[in-house]
Amino acid sequence: MPSSSASTTGSAKSPSGGVQSLERAFDLLERMADAGGEVGLSELSASSGLPLPTIHRLMRTLVVCGYVRQQPNRRYALGPRLIRLGESASRLLGTWARPYLARLVEETGETANMALLDGDEIVYVAQVPSKHSMRMFTEVGRRVLPHSTGVGKVLLAGFPADEVRALLARTGMPAATERTITTPDGFLAALRDVRDLGYAVDDNEQEIGVRCLAVSVPNSPTAAAISISGPAGRVTEAATERIVPVLRQVAAELSEALASSTASG
């Protein structure tokens, strides 16, 4: 049977044993997200390898369900119902991460955070505060621009330079403090340091007197990072040498837990 004829059957099974049309629909949604949220059918066909009639049927179904909307220019954009799913998933991910963040607090003494890249912004989805009387606090759900944060740096470190420049052009690079990086070249240089070191530092760049250390969560279903933040007097260079290995270990354990959940699901 030709491969295209399987796509005409909504209940056709995929090689993985799942429902082929569902797998294809989710693949198209992810391709749309990778393309910035708006694409044309021909672009989706070229990137996915699926025939146009198959993509048109899948997109029409997603439009009816509210997960995709068709623009006046006939291109397709991610729809508003995805926001609800994303917000619920972010809350759940944050809840799940809390025991790992609590371990970070126990082992480092500093406030621990988890953040995601949502569009062009960083959103904090979980936090466990330090037990020190002087401690950092970031409201869960807070959104910040990536260029002034450790989590932003570590989440963008793997992006191609042209994509990073495009993001910075959209958001701008306002200075939160006199230490904030405010030029694309300076930020790209900082990302090279992140790739070399394997972790990112926010050194008084978001708030004077505060230092943060961040690492990515490997193989997370969505790009995620964890960090610790504390007074610059405690999060010193010497403390960094002690804290970064703990951050990496906790990130690896969280990654394994997420992978186990995905496999069992």
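Reader: At roughly what angle do the axes of helix 2 and helix 3 cross?

Author: Keep in mind that this is a predicted model. Helix 3 covers residues 41-48, and its axis comes within 11 Å of the axis of helix 2. The crossing angle is roughly 110 degrees.

Reader: Is that parallel or perpendicular?

Author: Angles from 65 to 115 degrees count as roughly perpendicular. The crossing here is roughly 110 degrees, so helix 2 and helix 3 are roughly perpendicular.

Reader: Which residues of helix 3 make the contact with helix 2?

Author: Helix 2 brings Asp 27, Leu 28, Arg 31 and Met 32. By class, the contact has three nonpolar, two polar and two charged residues. On the helix 3 side, look at Leu 44, Ser 47 and Ser 48.

Reader: Okay, on to the sheet. In what order do the three strands sit?

Author: The sheet is open, with antiparallel pairing. Strand 1 (38-39) and strand 2 (68-70) are the edge strands, each pairing on one side only. That gives the order 1-3-2.

Reader: And what is the bridge partner of Val 39 in strand 3?

Author: Strand 1 and strand 3 (residues 76-78) run antiparallel and are joined by two bridges. The partner of Val 39 is Tyr 76.

Reader: Which strands does helix 4 touch?

Author: Let's take helix 2 (residues 20-34) to start: it packs on the sheet and touches strand 1, strand 2 and strand 3, with its direction at about 90 degrees to that of strand 3. Helix 4 (residues 52-65) packs on the sheet too, its direction making about 105 degrees with that of strand 2. The strands helix 4 touches are strand 2 and strand 3.

Conventions: Residues numbered from 1 in each chain as written. Predicted model: local features only at pLDDT ≥ 70, side-chain atom pairs only at ≥ 80, totals over all residues. Heavy atoms only, no water. Pairing = 2+ DSSP bridges. Helix = DSSP H or I, 4+ residues; strand = E, 2+ residues; numbered from the N terminus. Contact = heavy atoms within 4.5 Å. Axes fitted to C-alpha atoms, helices over the stretch in contact; angles between N-to-C directions. Parallel < 35°, antiparallel > 145°, perpendicular 65-115°, else oblique. Nonpolar A, V, L, I, M, F, W, Y, C, P; charged D, E, K, R; others polar.
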